[in-house]
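Biologist: I would like to learn how to read a model like this one, step by step. Could we begin with charged side chains and then move on to the rest?

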Amino acid sequence: MGWPLAVSAGLMDKNPRALFRALWALSAGHLLATLIVLLPFAFLLMLAEWQRPIQIGASLLVIGFGVYRLIVRRHPRALARIAPTRLALWSFAVAIAHGAALMLVPIYLGLCQAFGLDAGHAAAGALMKASLGMAVLVSLVHVAAMVGAGGCLAWLVYRYLGLRFVSRSWFNLDAVWATSLVLVGAVALGFNLASWR
């Protein structure tokens, strides 16, 4: 979600280097958020007898956050324009608040096992459970993929489409995102409660 800020930094400075400096700051914040969310779960997973309650708690947390985002829909105006020196902090805060780092938790905790995961998600889950170092490596690969995709989009918009395109075509996906959180959390909770004996 930070790529528009990278475009903005490039357009404000009229220099593509500003876009890439912004991407580095966004990467740092996103990685920190991913690690802060994922590492506590990595430590908790060592307590195997608590795995089921942790899975149910994570499901309820995802549902609760989705309901909260459906009720509280507005974004603070202060988040609309971020100084380039504060992009890492912004990226960290938004990755925590929007649940970007939480996307890895269902895979890590095994909430997705009931769905017959595709090979990529199954491999990521197995790798993250292997060791703490592997969980960190998966976080690094996740951030590289997200920033790579967002960086390409930011560069294309900056270089070819410009601010006019962004202002005309921008739409808000918060309600869709919040609804998907509630739905995924409810499905995961249902599967966990159904298999709990």
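Modeller: Let us begin there, keeping in mind that this is a predicted model. A search of the whole structure finds one salt bridge.

Biologist: What is the general idea behind such a pairing, and which residues form the salt bridge with Arg 21 here?

Modeller: In general, side chains of opposite charge can pair when their charged atoms come close. In this structure the partner of Arg 21 is Asp 13, and the closest N and O atoms of the two are 3.6 Å apart.

Biologist: Is Asp 13 buried, partly exposed or exposed?

Modeller: Asp 13 has a relative accessible area of 43%, and because the exposed class begins only over 50% while buried means under 20%, Asp 13 counts as partly exposed.

Biologist: How many helices and strands make up the secondary structure of the chain?

Modeller: The chain has eight helices and zero strands, so that, read from the N terminus, the order of elements is α-α-α-α-α-α-α-α. Helix α1 covers residues 3-13, and among its buried residues are Trp 3, Leu 5, Ala 6 and Val 7. After α1 comes Lys 14, which has a positive phi, near 55°.

Biologist: How much of the chain is buried, and which residues touch the most other members of the largest nonpolar core?

Modeller: Of the chain's 197 residues, 38% count as buried. The largest nonpolar core has 19 residues, and those touching the most other members are Ala 6, Val 7, Leu 19, Leu 26, Leu 87, Trp 90 and Ala 154. Two or more residues of this core come from each of α1, α2 (16-44), α4 (87-97) and α7, with α2 giving the most, namely six residues.

Biologist: Which residues are in contact with Ala 154, leaving aside its neighbours within four places in sequence?

Modeller: They are Trp 3, Ala 6, Val 7 and Leu 19. For the chain as a whole, if we take contacts between residues at least 6 apart in sequence, 82% of them join residues at least 24 apart.

Biologist: What should I look for on the outside?

Modeller: One can ask which atoms make up the surface, and here the accessible surface comes to about 11,800 Å², with 71% of that belonging to carbon and sulfur atoms. Leu 156, Tyr 160, Leu 161 and Phe 165 together make a nonpolar surface patch of about 420 Å². Phe 165 lies in helix α7, residues 132-169, and is partly exposed, with a relative accessible area of 38%.

Conventions: Residues numbered from 1 in each chain as written. Predicted model: local features only at pLDDT ≥ 70, side-chain atom pairs only at ≥ 80, totals over all residues. Heavy atoms only, no water. Buried < 20%, exposed > 50% of the residue type's maximum accessible area, 1.4 Å probe, protein only. Helix = DSSP H or I, 4+ residues; strand = E, 2+ residues; numbered from the N terminus. Contact = heavy atoms within 4.5 Å. Areas by Shrake-Rupley, 256 points an atom, 1.4 Å probe, with all protein chains shown as cover. Patch = residues over 30% accessible without salt bridge, like charges linked within 9 Å, V, L, I, M, F, W, Y side chains within 5 Å. Salt bridge = Lys/Arg side-chain N within 4 Å of Asp/Glu carboxyl O. Core = buried A, V, L, I, M, F, W, Y, C linked by side-chain atoms within 4.5 Å.
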